[in-house]
Amino acid sequence: MSEKIVGSNSLSKAEKEEQLVKAVKNNDTLSFVELLGIYSRIISILALSFNLPRDEFDDLCQEGRIALYKACIGYEDKGGTFSTYASACIKNAMTDFAMHYGKQKSNESAVSIDDNKVTDISLKVTLADIKDGSFTIRSGKKNFRKVIVG
């Protein structure tokens with residue numbers, strides 16, 4: 001059981017969140033804004049833990065806010081607290097975003113092939129990519145060209 005906040009008519013934090021969630025489910029925008037105020041610090045701290053570039057931080061936080069809203073809509077009181085459910089939803093959404101970001105970055109070096117002709121090359125090579133003086137250009141799972149450096 002959670003403790004009551006000082007005052008005889010006060011609600012615990014969990015009870016207050018439960019009421020806000022019910023109001024959000026009934027399209028109460030102000031209740032969602034209040035929940036955002038409660039969770040904004042948690043969202044920011046989680047976003048910082050992913051160590052993505054600064055320009056991705058705002059997008060990651062937005063993913064967290066969207067996940068909070070979806071958590072409100074999808075939450076069913078089955079014995080667990082909303083905060084536990086919401087935190088898991090937010091972290092999962094941010095993890096998905098970070099994984100997508102990582103895949104997108106790795107695909108920046110992909111080469112588009114049309115009828116065995118290279119039509120578009122967007123290639124970024126870092127020193128970490130070069131091993132033994134060469135690197136391989138990949139298309140999907142197939143290696144199709146080894147480039148010698150130097």
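Just after helix H1, Asn27 takes a positive phi of about 65°. Something similar turns up after helix H2, where Asn51 follows with a positive phi near 55°. Before we go on, note that this is a predicted model: local features need pLDDT of at least 70, side-chain atom pairs count only at pLDDT 80 or more, and totals for chains, interfaces and linings use all residues. Residues are numbered from 1 along each chain as its sequence is written, and side-chain values use heavy atoms, with hydrogens and water left out.

Now for the overall layout. The chain has four helices and four strands, and along the sequence they come in the order α-α-α-α-β-β-β-β. Helices (H or I, at least four residues) and strands (E, at least two) are DSSP runs, numbered from the N terminus. Of the chain's 150 residues, 23% count as buried. Buried means under 20% relative accessible area, exposed means over 50%, and partly exposed is in between (1.4 Å probe, protein chains only).

Here is how two of the helices look side by side. The expected span is 1.5 Å times one less than the number of residues.

| Helix | Residues | Expected span | Span between end C-alpha atoms |
|---|---|---|---|
| H1 | 13 residues | 18 Å | 18 Å |
| H2 | 21 residues | 30 Å | 29 Å |

So H1 agrees with its expected span, and H2 comes close to its own. Still, H2 bends by about 50° at Tyr39, where the bend is the angle between axes fitted to the seven residues ending there and the seven starting there. At the start of H2, a side-chain oxygen of Asp28 reaches to within 3.1 Å of the backbone nitrogen of Leu30.

Which residues of H2 are buried? They are Ser31, Phe32, Leu35, Tyr39, Ile43, Leu46 and Ala47. An α-helix has 3.6 residues a turn, so residues three or four places apart point the same way. In H1, the buried residues are Glu17, Glu18, Leu20, Val21, Ala23 and Val24.

Next, the inside. The largest nonpolar core has 22 residues, and Leu35, Tyr39, Leu68, Cys72, Phe82, Ile90 and Met94 have the most contacts inside it. H1, H2, H3 and H4 each supply at least two residues of this core, with H3 giving the most, seven residues. A nonpolar core is a set of buried Ala, Val, Leu, Ile, Met, Phe, Trp, Tyr and Cys residues joined through side-chain atoms within 4.5 Å. Leaving out residues up to four places away in sequence, Met94 touches Ile43, Leu46, Ala47, Phe50, Leu60, Cys61 and Gly64. Contact here means heavy atoms within 4.5 Å.

Finally, let's zoom in on one pair. Glu17 sits in helix H1 and counts as buried because its relative accessibility is 2%. Setting aside neighbours within four places in sequence, Glu17 is in contact with Leu35, Ile38, Tyr39, Phe82 and Ser83. Ser83 lies in helix H4 and counts as partly exposed, because its relative accessibility is 23%. With residues up to four places away not counted, Ser83 touches Glu17 and Tyr39. The side chains of Ser83 and Thr81 are joined by a polar contact of 3.3 Å. A polar contact is a pair of N or O atoms within 3.5 Å; within protein, one must be able to donate a hydrogen and the other to accept it, and residues adjacent in sequence count only if both atoms are side-chain atoms.
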